[in-house]
Amino acid sequence: MIHFVLLISRQGKVRLTKWYSPYTQKERTKIIRELSGTILTRAPKLCNFVEWRGFKVVYKRYASLYFCMCVDQDDNELEILEIIHHFVEILDRYFGSVCELDLIFNFHKAYFVLDEILIAGELQESSKKTVARLIAAQDSLVEVAKEQESSISNIIAQATK
Amino acid sequence: MALSGMRGLSVFISDVRNCQNKELERLRVDKELGNIRTRFKNEKGLTPYEKKKYVWKMLYIYMLGYDVDFGHMEAVSLISAPKYPEKQVGYIVTSSLLNENHDFLRLAINTVRNDIIGRNETFQCLALTLVGNIGGREFAESLAPDVQKLLISSSCRPLVRKKAALCLLRLYRKNPDVVNVDGWSDRMAQLLDERDMGVLTSSMSLFVALVSNNHEAYWSCLPKCVKVLERLARNQDVPQEYTYYGIPSPWLQVKTMRALQYFPTVEDPNTRRSLFEVLQRVLMGTDVVKNVNKNNASHAVLFEALALVMHLDAEKEMMSQCVALLGKFIAVREPNIRYLGLENMTRMLMVADVQDIIKRHQAQIITSLKDPDISIRRRALDLLYGMCDVSNAKDIVEELLQYLSTADFAMREELSLKAAILAEKFAPDLSWYVDVILQLIDKAGDFVSDDIWFRVVQFVTNNEDLQPYAAMKAREYLDKPAIHETMVKVSAYILGEYSHLLARRPGCSPKEIFSIIHEKLPTVSTSTIPILLSTYAKILMHTQPPDQDLQSQIWTIFSKYESCIDAEIQQRAVEYHALSMKGAALMDILAEMPKFPERQSSLIKKAEDSEADTAEQSAIKLRAQQQSSNALVVTDQRPANGTPPVSQLGLVKVPIMSNEKIIHGQDQSTGEQVVAHTNGALTIMDPQPPSTPSPDLLGDLLGPLAIEGNTGIAPQSDPNMGSGFEGGTNADALAIAPVEEQTNTVQPIGNIAERFQALCLKDSGVLYEDPYIQIGIKAEWRVHHGQLVLFLGNKNIAPLNSVQALILPPSHLKMELSLVPETIPPRAQVQCPLEVINLQPSRDVAVLDFSYKFGTHMVNVKLRLPAVLNKFFQPITVTAEEFFPQWRSLSGPPLKLQEVVRGVRPMLLAEMVALFNSLRLMVCPGLDPNANNLVASTTFYSESTRAMLCLIRIETDPADRTQLRMTVASGDPTLTYELKEFIKEQLVYIPVPSRSAAPMPPQVRPTSPPNAVLDPGALLAGLL
């Protein structure tokens, strides 16, 4: 099971956190501090796994961002590594060649996408197409609501003129 | 891609990004938080859009690492918004900000449930996602049936059902009872027929969790799993979008193979054949390709297949195929594969008989020990440790030693412990073992725990052939310019004992040995000085003929430390000084250490206990164990007028570190009052080894301690037998214990009932003591098992004969006492392990029927053993969310019993809390709104009930402290009743029996009738 997902920039800034096991605020801060210390300092070309407090953290660096997932010791590490890549590919498709800035200004979208891929720390959907379709549907729901709102407020505004 | 469409949010994010430094960032964030707070206060004027924007800002600030301690309510309240955009934000922000234990979540349960059972598919998805990600126990109890319905509904679309599957998995993890096994196995089998790959993937995760708990119920699903696997492996009927780099859903393949590993075997021959075909195809058909992702995905499947093959313990041919593959992997350049190769090879060692094949790769594995990647080095170390045996121990240990000097600090402790264990386990000869340990201390002294050097001392003491060699080695190390303090300790100890064996060699005269050791004294800490003082005393004793010059040097040192502030050092200095002035007497007292009883190495035992841990963990755990295991049975019960003359002896013969650790261990672990070791309440070493070798529960060198050394007792005993210690040379000047008034009966020292009561609350202490014997007890409890050790210590210088110990267990306990020797030699202590298994809840108490003969006296006592109900408790804290549903579900008798208890021993509530906690009933503050009440919880373990949660509520009346109302609940009627009665016994006032009417005074049955004086207490002995 994935206990948490972290996205950390090379400077140690947190870009996304998702906790599937209960941690208090204090523990969360401590974990982030500890892991950024361990992972950001690892040299390139080492393996993608770090043993940490009886767990394993599977991580991968994409440009300036580190994607990290913490799993149990006997989980299949390569499977998790490819979940990370799966996530990145979907983000890439959604934003159209994703970069760190996209994830900063649209961090909420990254949360939407992640929620379509993982629930309860387990993989929910392995089809990129399906995820893309679902996210698009959500976006259009928001758009429609926005349009309705503006048209209603237009009507009211005009009526009260 | 356009920005979020929320201008305010984008502006804020840019502002934060443009801050030059952390300080400015904080200012900007604080300003924004202030702004949000004001806007939230005046909620009426807030449009849904604004609310949404502020909640996002909060999440962003939170992500930056700032505390956001308000506004959670606003996030939660968005969940009940009628429109999708607000609802979505409410759900997502709530599940990111709060964890499952947050109180606000409870407020949302109803809204969430309405969304789940409502008709709106998108709302269903949002609600299921939230519950799946942060749902706790309370969600599990109220929502599980609805979620199950969605999962098996034929009218729901896959996007809802796959979320429902994982949501149910979460709820199942929080409370396994929500999935009723009976009906569910058929449904699970149906779910595995699912055509939609998303639903199938999620269902397979759920299935793995279910089957890991109980595979019996799901046998019917096994063939279905194999079918799924076949379909994927042959790429039949797998939609294009579910192939990942050309591999049909690698994740689903991995999960399915994982599920199969929870079944002990695959019996049906057809299914087995199909499965092995698939596995064979995976093993043979996985090639290394250029594309990283394809490679990773195919190897994820391959490693899972390897694990499954190992689990199924397949035909020899397939196994050796696996080892061959792993051998290839550990040599490749790709670090991930190398890491996994090493990891899986270690796993393979545990399941299959492949040691010889793996040994062929030893050189390659040793290379990995020098890999630049610490993750890989750790795996290599583990594997080397696992594959070590007599044939390769020398090579492997020497590699480890060599690596030690360059290893990272994070690994050194684990590394040195493993090297020490391997050296001990597989030493081809003992001098090699001594070499290894000394090198270890030399290279990584900081990381060598005391156990390691204790162990080497023990070996040297027990092997005469080894002593000159060890002394020579120790002498050599002392020549090195800067040596570690542990090296000072061990070499001083060894040279103190055996340097006289070197006397004729150059540089080894007593004077030279003394001065080279003394050189180190200014550099060592106070814990080492006592060892050095002992060494000086021993050197002095061995110097024959006496060397006046050396003597005056050493005496100067002793007198210098006679005013040392450290009591241990002071006492030694004073005593050695006095003793060494006695000349001949010194010879006897400072004689060589006797052999240690043979026993399993505590190192190896510890390593076995913490095998599965990682480096940091094992190190921490080791220390913790060290502390608790050294908490010896030490007592502060001593006769009022005895100044113990011989106890110093014990100090001479025991490495001082261990003494200190006893004290510290107890101090820290129990906080009990501990006897100050300055008054010598510790230990006498027996001149002969105890007659039974016993498995060691305590630190290794600490074994034969723990009885109170007191020959001052001797004169108390019958003068008829007194002749035995006339000649005690050590009993002269210092033995100033006055003769006590003579009695013909053997009176226990201390109150037996009180001692028993005390032992019910703690795990080590004295069970019984009289002038001849002391019975100590030390217990360790784990779930429904108990491991007790009885320490039978003869306090006298004459043997105790006809020793008999009989256990009379009550029906609910299974007890097994190891053999008790018939004779306990003078001043010796024997340890008798006693195994206890708790079968069912009961308050009955086991009795130890103990008798021995001293001279002509036959003494018989019946002692209650502290294997009582509360020893099988494991305190547990429950939160309000866990407590109340449980409390409500256990409704009324016989599972929940209530009683008004009168005649309660009056005590303050805080005292009662302390009492409950000491009974391992964990008081949970804050659960009961009334401050006069208390609520406690614990888990009870027995073979029949397994782990069973018990809940207790006490309602007190501040006006009348002698009565209270007690409610006890658990899932087992007997347990509830017994627990209620047990607590009652603890609360109700029991008059402490006066000494003569103590429940179990020893019964003295004189073997010679003329001396018979019948103890009135003996008549009561039967009335336990």
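Below, a biologist asks a modeller how the terms applied to this predicted model are justified.

Modeller: This is a predicted model in which local features need pLDDT of at least 70 and side-chain atom pairs count only at pLDDT 80 or more, while totals for chains, interfaces and linings use all residues. Residues are numbered from 1 along each chain as its sequence is written, chains are lettered from A and ligands numbered from 1 in the order in which they are written, and side-chain values use heavy atoms, with hydrogens and water left out.

Biologist: What makes A:Glu89 and A:Lys128 a salt bridge?

Modeller: A salt bridge is a side-chain nitrogen of Lys or Arg within 4 Å of a carboxyl oxygen of Asp or Glu. For A:Glu89 and A:Lys128 the N to O distance is 2.7 Å, so the pair meets the definition. Side chains of opposite charge can pair when their charged atoms come close. The structure holds 66 salt bridges over all chains.

Biologist: Which parts of the chain does the pair A:Glu89 and A:Lys128 link?

Modeller: Distant ones: A:Glu89 is in helix 2 (residues 77-95) of chain A and A:Lys128 in helix 5 (residues 128-159) of chain A, 39 residues apart. Helices (H or I, at least four residues) and strands (E, at least two) are DSSP runs, numbered from the N terminus.

Biologist: Why is A:Glu89 called buried?

Modeller: Buried means under 20% relative accessible area, exposed over 50%, and partly exposed in between, with a 1.4 Å probe and protein chains only. A:Glu89 has 19%, so the word buried applies.

Biologist: How do you know that the salt bridge of A:Glu122 and B:Arg173 joins two chains?

Modeller: The side chains of A:Glu122 and B:Arg173 meet with N to O at 2.6 Å. A:Glu122 lies in strand 7 (residues 122-123) of chain A and B:Arg173 in helix 9 (residues 158-174) of chain B, so two chains are joined. A:Glu122 is buried at 10% relative accessible area, whereas B:Arg173 is partly exposed at 32%.

Biologist: Where do B:Lys418 and B:Glu414 lie?

Modeller: Both are in helix 22 (residues 409-426) of chain B, 4 residues apart, about one turn of the helix. Their closest N and O atoms are 2.8 Å apart, in a salt bridge. B:Lys418 is buried, with 11% relative accessible area, and B:Glu414 is buried, also with 11%. A network of salt bridges links A:Glu51, B:Arg379, B:Asp382, B:Glu414 and B:Lys418.

Biologist: What makes strand 2 and strand 3 of chain A edge strands?

Modeller: Two strands pair if DSSP finds at least two bridges between them. The open sheet in chain A has 5 strands in the order 2-1-5-4-3, with antiparallel pairing. Strand 2 (14-19) and strand 3 (49-52) each have a single partner strand, so one side of each is left without a neighbour in the sheet.

Biologist: How do you know that strand 1 and strand 2 of chain A pair?

Modeller: There are 5 bridges between strand 1 (residues 2-9) and strand 2 of chain A, so the requirement of at least two is met. Across these strands, A:Phe4 stands opposite A:Trp19 in strand 2 of chain A.

Biologist: How many residues of chain A and chain B are in contact?

Modeller: Contact means heavy atoms within 4.5 Å. By that rule, 68 residues of chain A are in contact with 80 residues of chain B. Between chain A and chain B the count is 9 salt bridges. One salt bridge pairs B:Lys162 with A:Glu125, with the closest N and O atoms 2.7 Å apart.

Biologist: What is the area buried between chain A and chain B?

Modeller: About 6600 Å², of which carbon and sulfur atoms give 53%. Buried area is the accessible area (1.4 Å probe) that two parts lose on being put together, summed over both.

Biologist: What makes phi of B:Tyr245 worth a remark?

Modeller: Most residues other than glycine have a negative phi, and most peptide bonds are trans. B:Tyr245 has a positive phi of about 50° although it is not a glycine. B:Tyr245 lies in the loop between strand 1 (243-244) and strand 2 (247-248) of chain B.

Biologist: Why is B:Tyr245 called partly exposed?

Modeller: The relative accessible area of B:Tyr245 is 28%, so B:Tyr245 falls between the limits for buried and exposed.

Biologist: Which peptide bond is cis, with omega near 0°?

Modeller: The bond from B:Pro893 to B:Pro894 is cis. B:Pro894 is found in the loop between helix 37 (880-889) and strand 12 (896-901) of chain B.
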